[in-house]
Amino acid sequence: MKWILTAASLLVLAGCTKAIIASPESQNIKVVTAAQKKRCDFVKTVSATQFIGPDKKGDALKMALNEAGGMGANAFYVISTTEEGGVKGTTVLGEALRCKF
């Protein structure tokens, strides 16, 4: 009986995970260095946090790039990535930019 409850709990948790898909607008965003961003115009500071999943850091970055792409940015500078255990998740903080490459 105990294993049935455990299995059911895992299935419920698995159902809560959602794959983060890169939006069409974010597919061409280039992640730039501090030196490269000097030639760019600032659009907005972006923060994205992912709480669950096997690749929280990658998914948080995809979420941030999706938001930046929706603002018309073509570049993104990562200010910080904070990874915390438990339910706190992983947060990517960065700058959405418009650059002339």
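Lys-30 sits across from Ala-75 of strand β3 in this predicted model. That pairing belongs to the contact between β1 and β3, which run in the parallel sense and share 2 bridges. The β1 strand covers residues 30-31 and β3 covers 75-83.

From there the sheet can be followed strand by strand. On to the next pair: β3 and β4 go together in the antiparallel sense, with 8 bridges. Several partners can be picked out along this pair. Tyr-77 is bridged to Glu-95 of β4, Val-78 to Gly-94, and Glu-83 to Thr-90. β4 also pairs with β2, again in the antiparallel sense, this time over 10 bridges. Here Ala-48 is found opposite Val-92 of β4.

Put together, these pairings give an open sheet of 4 strands in the order β1-β3-β4-β2, with mixed pairing. Which strands stand at the edges? They are β1 and β2; each has a single partner strand, so one side of each has no neighbour in the sheet. As for β4, the strand is mostly covered, with 7 of its 10 residues buried. A handy rule for looking at any such strand is that, where it is regular, its side chains alternate between the two faces of the sheet.

Stepping back to the whole chain, the protein contains 3 helices and 4 strands. Along the sequence they come in the pattern α-β-α-β-α-β-β. The chain has 101 residues, and 28% of them count as buried. Its accessible surface is about 6,700 Å², with 61% of that belonging to carbon and sulfur atoms. Contacts often bridge long stretches of sequence: among those between residues at least 6 apart, 69% join residues at least 24 apart.

Next comes helix α3, residues 56-70. How does its length compare with what is expected? At 1.5 Å a residue, its 15 residues should span 21 Å, and the end C-alpha atoms are 21 Å apart, which agrees. The buried residues of this helix are Gly-58, Asp-59, Ala-60, Ala-64, Leu-65, Ala-68 and Gly-69. Some of the spacing in that list fits a general feature of helices: an α-helix has 3.6 residues a turn, so residues three or four places apart point the same way. The cover over the buried residues of α3 includes β1, β2, β3 and β4. Just past the end of the helix, Gly-72 adopts a positive phi of about 85°.

What makes up the largest nonpolar core? It has 11 residues: Ile-29, Val-46, Ala-48, Ala-60, Ala-64, Leu-65, Ala-68, Ala-73, Phe-76, Val-92 and Ala-96. At least two of these come from each of β2 (40-50), α3 and β4 (90-99). The biggest contributor is α3, which gives 4 residues. There is also a second, separate core of 6 residues, including Val-32, Ala-75, Tyr-77 and Leu-97.

Two charged residues show how parts of the chain that are apart in sequence meet in space. One is Glu-67, which lies in α3. Is Glu-67 buried or partly exposed? Its relative accessibility is 35%, so Glu-67 counts as partly exposed. Setting aside neighbours within four places in sequence, Glu-67 touches Lys-44, Val-46 and Ser-47. Glu-67 and Val-46 are 21 residues apart in sequence, yet their C-alpha atoms are 7.3 Å apart.

The other is Arg-98, part of strand β4. Arg-98 is partly exposed as well, since its relative accessible area is 42%. Beyond neighbours within four places in sequence, its contacts are Cys-40, Asp-41, Val-43, Met-71, Gly-72, Ala-73 and Asn-74. So the list for Arg-98 takes in Gly-72, the residue with the positive phi just after α3. Arg-98 and Arg-39 are 59 residues apart in sequence, while C-alpha to C-alpha they are 9.0 Å apart.

Finally, a word on confidence. The mean pLDDT of the protein is 85, and 79% of the residues reach 70 or more. Residues 3-15 are another story: their pLDDT is below 50, and beyond near neighbours in sequence this stretch has 0 contacts in the model. Where pLDDT is low, the predicted coordinates should not be read in detail.

Technical notes. Residues numbered from 1 in each chain as written. Predicted model: local features only at pLDDT ≥ 70, side-chain atom pairs only at ≥ 80, totals over all residues. Heavy atoms only, no water. pLDDT = per-residue confidence, 0-100. Contact = heavy atoms within 4.5 Å. Buried < 20%, exposed > 50% of the residue type's maximum accessible area, 1.4 Å probe, protein only. Areas by Shrake-Rupley, 256 points an atom, 1.4 Å probe, with all protein chains shown as cover. Core = buried A, V, L, I, M, F, W, Y, C linked by side-chain atoms within 4.5 Å. Expected span 1.5 Å × (residues − 1). Pairing = 2+ DSSP bridges.
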